[in-house]
There are 2 protein chains.
Amino acid sequence: MRFVLALWAIAVVAQTPPPPLIVSPEVHADRTVTFRFRDPNAKEVSLSREGATRAPMTRDDTGVWSITTAALEPDYYGYNFVADGVSLVDPSNTVVKPNLRGLSNMVHVPGPASLPWEGADVPHGEVHRHFYHSAMIGDDRDYYVYTPPGYDSKSKRRYPVLYLFHGFSDDASAWTAVGRANVILDNLIAQKKAKPMLIVMPLGYGVPDVVKPGSAGLGDPATRDRNYNLFRDALFTEVMPQVEKMYRASKDRNQRAIAGLSMGGAESLYIGLNALDKFSYVGSFSAGGSVDTATMFNRLDSKFNPLIHSLWIACGTDDRLIDPNRKFREFLTSRGVKFVPIETPGAHVWMVWRRNLAEFAPLLF
Amino acid sequence: MRFVLALWAIAVVAQTPPPPLIVSPEVHADRTVTFRFRDPNAKEVSLSREGATRAPMTRDDTGVWSITTAALEPDYYGYNFVADGVSLVDPSNTVVKPNLRGLSNMVHVPGPASLPWEGADVPHGEVHRHFYHSAMIGDDRDYYVYTPPGYDSKSKRRYPVLYLFHGFSDDASAWTAVGRANVILDNLIAQKKAKPMLIVMPLGYGVPDVVKPGSAGLGDPATRDRNYNLFRDALFTEVMPQVEKMYRASKDRNQRAIAGLSMGGAESLYIGLNALDKFSYVGSFSAGGSVDTATMFNRLDSKFNPLIHSLWIACGTDDRLIDPNRKFREFLTSRGVKFVPIETPGAHVWMVWRRNLAEFAPLLF
């Protein structure tokens, strides 16, 4: 007896939409990128690309809109199509940036292996996802832990830990799925530029409702404070004890760093600088999110300098938050607090934050 | 000195598309679901929902298309919008099904806690993502490992292992991100319906090109065989040894199961039934993918029955693969091989496969 159990196509049709007939994005050898989108009846389609001005696309006779960029620096870029005012995911690209307020795609413009976010033939660490009920916040949530290559759960030593926070609208997967934190650390560790460390990436909302569609976000100061304080309390009383029980994670302040981007940068500054018994390295990447210096940092002065191994305050030069960040640095100076000021070319974008992590991690521990 | 570091909205605008103004999907108390999509210039928009016939949506005066379903059984459903022939992700829903051939969304129609895929207040296991270079296949790839609640890496005992495979077009995250395998096992273990076990979920392609857009898939028998054989070889010589080194994973055939859906079902049958020195439980959920019984199972006969604790062959009654699956069962019968036939109401859909896992896991170990 001989027969064929199933024609392959049958299963495919039932399970997924038909394969895309359109290639998008197409990354050319000269690092220009062509984006294509079929929408025969749209009046206007544009490309919204991370860090770039929105650019109109051109329709051809068959209803396919396209645009080819100038040569792009090697990197990962987020983008959407905007068709008659509606932001859409590119149906020809299955790589998406997870986000709680709106999905977008990513396109990879490959570069030399020396770029810290490029996948390389080096030992790889692992990414662990943990699920728990937060009694502090009252929801079911997750956090991610990166363990470095060769991590030994039976080791006597404890590993240093970077607590790393995402931005507003991101979820807990952002630093690995978009920020490539695991790839960056794999590479830095292989090159002996960074020490083997754990990275703990929690969900960064103390008030989860702030990120729901239609929410006013962190505009209201009482909500903002509750968001930061509950996040901190969940971090201190839930995430850190769980991590320190499950992993060989250091409890020594000299072996703990706290950093984050945008809202997560504000969280790192607020939580870290007010808990120097727990942390000795603080990194802020493009901090944002209604930080009130007088109430949130009123204890800061020069007597804390000996406790801080590094206070690293970065922002993109084209970020609309560069002025508030400069003002925050002036505030620190006025209090006699030492810090490292970093200004990176770029806007409020992941291209800056990946570079920030790749520069910050080598300073640690 | 007092100032506000940043208005929240600034950061949000720079980083993400504007928040959606449209609520979609909206799950009503009576379990009907309304889907909405703004596309003012489209001529035709329809809803493509997992397991349902494509249904036309209706346009209102403002250019918003909508449809409300009949009451749906509690479950997770995949869906897309199809606008003028193009499959699109719902821009108002950030929950997507990862897939290598085309993204779709998921909507959750909540049900009672007794449903195995509903999140519940029980101890949770963890999901670990591993990255490695496959010398066998020649690419960089990943696999996922579920560890049950209370998993002890320092335990003397070894845990039983279910090797669980996804379908064609899925990636290695499918069984957790879509199939909710970790949630299902958390619940079954809490209810003492399943034993604490590891689940290993590898990337299921021996020939990764088969899943690339425009590829002919597994239609060509030589490609199909190479795909299955290289996948098996990578499993045996790369994934299993890594897992058994890093985890307390059993190497005893009596403590090993192999199962999968669609293409992964065919892989489970082919690999498992030809390697009864390694596996003693074999599960096939809606197997598909050009399985040639004469060449792939030519060794099978009744003398293998004592080696098989369970050969569990399931398919949805409305699946276009039900006939080939019934024929495969006839083939097994003709060879004197014992098996458990399972027919579940439903088509070639995840609603069937989640139920399959919830039924199969309690039979193991």
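Cut-offs and conclusions in a predicted model

Trp175(A), Phe285(A), Trp312(A), Trp350(A), Trp353(A) and Phe360(A) form one aromatic cluster. The model is predicted, with local features needing pLDDT of at least 70 and side-chain atom pairs counting only at pLDDT 80 or more, while totals for chains, interfaces and linings use all residues. Residues are numbered from 1 along each chain as its sequence is written, chains are lettered from A and ligands numbered from 1 in the order in which they are written, and side-chain values use heavy atoms, with hydrogens and water left out.

User: Why is the contact between Tyr151(B) and Tyr247(B) called a tilted aromatic pair?
Analyst: Rings of Phe, Tyr and Trp (its six-membered ring) pair if their centres lie within 6.5 Å, and planes under 30 degrees apart count as stacked, over 60 as edge-to-face and the rest as tilted. Across all chains the structure holds 42 aromatic pairs. For Tyr151(B) and Tyr247(B) the values are 6.1 Å centre to centre and 50° between the planes, and the pair is therefore tilted.

User: What parts of chain B does this pair tie together?
Analyst: Tyr151(B) lies in the loop between strand 12 (139–147) and strand 13 (161–165), and Tyr247(B) in the loop between helix 4 (221–246) and strand 15 (256–261), so the pair links parts that are 96 residues apart in sequence. Helices (H or I, at least four residues) and strands (E, at least two) are DSSP runs, numbered from the N terminus. Both tyrosines, Tyr151(B) and Tyr247(B), are buried.

User: Why does Thr344(B) count as buried?
Analyst: Buried means under 20% relative accessible area, exposed over 50%, and partly exposed in between (1.4 Å probe, protein chains only). Thr344(B) has 7% relative accessibility and therefore counts as buried. Thr344(B) belongs to strand 18 (residues 340–344) of chain B and, leaving aside residues up to four places away in sequence, touches Cys315(B), Gly316(B), Thr317(B), Val352(B), Arg355(B) and Asn356(B), where contact means heavy atoms within 4.5 Å.

User: What makes Cys315(B) buried, and how many disulfides are found over all chains?
Analyst: Cys315(B) has a relative accessible area of 1%, so it is classed as buried, and Cys315(A) likewise counts as buried at 1% relative accessibility. A disulfide is a pair of cysteine sulfur atoms within 2.5 Å, and a search of the whole structure finds zero over all chains.

User: How do you know that strand 15 of chain A pairs with strand 16 of chain A?
Analyst: Two strands pair if DSSP finds at least two bridges between them. Five bridges join strand 15 to strand 16 (residues 281–285) of chain A, which run parallel, and the two strands therefore pair. Leu261(A) stands opposite Phe285(A) in strand 16 of chain A. Five bridges also join strand 13 (residues 161–165) of chain A to strand 15 of chain A in parallel, and Phe165(A) has Gly260(A) as its bridge partner. Strand 15 (residues 256–261) of chain A is mostly covered, six of its six residues being buried.

User: What makes Arg157(B) count as sitting over the ring of Tyr159(B)?
Analyst: A charge sits over a ring if NZ of Lys or CZ of Arg is within 6 Å of the ring centre and within 35 degrees of the ring normal. The charged end of Arg157(B) sits over the ring of Tyr159(B), 4.3 Å from its centre, and Lys278(B) lies over the face of Phe236(B), at 4.4 Å from the ring centre.
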